[in-house]
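The following exercises ask the reader to trace how strands are joined and where residues lie. Please keep the sequence and the model in view while working through each solution.

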Amino acid sequence: MRKILLLMLVSLSCLTSGVSAEDAKGDVHALLFVEGGYSHNFGDLNSTWSQYFSSFQRQLRNGYSLQATALGCITKNACVGFVVWKKGFSAVDDDLVYKTTEDVEMKYIGAALGCHDYFGPGLLGLYLSAGYTRYSDRYETYTARSGESMEDRFSTGAFGYLIDMKYLFCFGKHFVAGPSIGYYGFRVKTSDDGFWRIDWDADCFRVDGFNITGCVGVKF
């Protein structure tokens, strides 16, 4: 994944080597982005039972991120709008006795505030967002010897935030593309079921992480 992202950045640099800031400049009234790529989680994605599987933990911390952003400019360098994103993480642990699977999905929508300016052949921007996150987790264990399976589901809503930094190369006056890095986080309220408690003395757990994506969009 890192090699792919580096190759993408080098390719974009070569394509835009003949583009200057003067070619790209122009009043920005609105920005629309779509992006996708890699997401990594630092927080407590899974339940206490899964903590016995180190490989399971590593799998569950690496996933994908999809995002869309719409912004309208209120001044020359400031904008407001909204962001929606979806992230997914999954893990499988399969041996002669047990097969354990877990799927985590997060969905987010929030208001965004940002600032940007032309820098070299592109647009450099920083965007902050706060809003609502929907967190869901599906956990299943199958026992080969007995043929029995156990499944549990947990979902809840939480207040979350997102910090995004983008550098978007300008192709002409409207099309932009480039790398983006973001940091997200929220705290999840657990259910009364102790299965979902990371800390037996707490009634919530923390989820945060970062994403590295490729972003394409248009500016008007």
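**Exercise 1.** Determine which residue in β5 is the bridge partner of Phe119, and describe the pairing around it.

*Solution.* Step 1: the bridge partner of Phe119 in β5 is Gly122. The model is a predicted one, in which local features need pLDDT of at least 70 and side-chain atom pairs count only at pLDDT 80 or more, while totals for chains, interfaces and linings use all residues. Residues are numbered from 1 along each chain as its sequence is written, and side-chain values use heavy atoms, with hydrogens and water left out.

Step 2: identify the strands. Strands (E, at least two residues) and helices (H or I, at least four residues) are DSSP runs, numbered from the N terminus. Strand β4 covers residues 98–119 and strand β5 covers residues 122–143; they run antiparallel and are joined by 22 bridges. Two strands count as paired if DSSP finds at least two bridges between them.

Step 3: examine the turn. The hairpin of β4 and β5 has two residues between the strands, and Gly120 in this hairpin takes a positive phi near 65°.

Step 4: follow Gly122 to the other side. Gly122 also stands opposite Phe169 in β6, and β5 is joined to β6 by 21 bridges in an antiparallel arrangement.

**Exercise 2.** Follow the chain from β6 to β8 and state how many bridges join β7 to strand β8.

*Solution.* Step 1: strand β6 (residues 149–171) pairs with strand β7 (residues 175–189) in the antiparallel sense, over ten bridges. Phe171 stands opposite Phe175 in β7.

Step 2: three residues lie between the strands in the hairpin of β6 and β7, where Gly172 has a positive phi near 75°.

Step 3: β7 and strand β8 (residues 204–219) run antiparallel and are joined by 15 bridges. Across this pair, Ala177 stands opposite Val216 in β8.

**Exercise 3.** Work out the pairing of β1, β2 and β3, then place these strands in the whole sheet.

*Solution.* Step 1: strand β1 (residues 30–41) and strand β2 (residues 62–73) form an antiparallel pair with eleven bridges. Gly36 has Leu66 as its bridge partner in β2, and Gly37 stands opposite Ser65.

Step 2: β2 pairs in the antiparallel sense with strand β3 (residues 78–94) over eleven bridges, and Ala70 stands opposite Phe82 in β3. The hairpin that joins β2 to β3 passes through four residues.

Step 3: the eight strands form a closed barrel, β1-β2-β3-β4-β5-β6-β7-β8, with antiparallel pairing.

Step 4: the protein also has three helices. From the N terminus on, its elements run α-α-β-α-β-β-β-β-β-β-β.

**Exercise 4.** Is Phe42 buried, partly exposed or exposed? Then describe the patch to which Phe42 contributes.

*Solution.* Step 1: Phe42 is located in the loop between β1 and α3 (54–60).

Step 2: apply the cut-offs, which use a 1.4 Å probe and protein chains only: buried is under 20% relative accessible area, exposed is over 50%, and partly exposed lies in between. Phe42 is therefore partly exposed, because its relative accessible area is 42%.

Step 3: β5, β6 and β7 each supply at least two residues of the nonpolar patch that includes Phe42.

Step 4: as a final step, consider the whole protein. Buried residues make up 44% of its 220 residues.

Notes
Patch = residues over 30% accessible without salt bridge, like charges linked within 9 Å, V, L, I, M, F, W, Y side chains within 5 Å. Areas by Shrake-Rupley, 256 points an atom, 1.4 Å probe, with all protein chains shown as cover. Salt bridge = Lys/Arg side-chain N within 4 Å of Asp/Glu carboxyl O.
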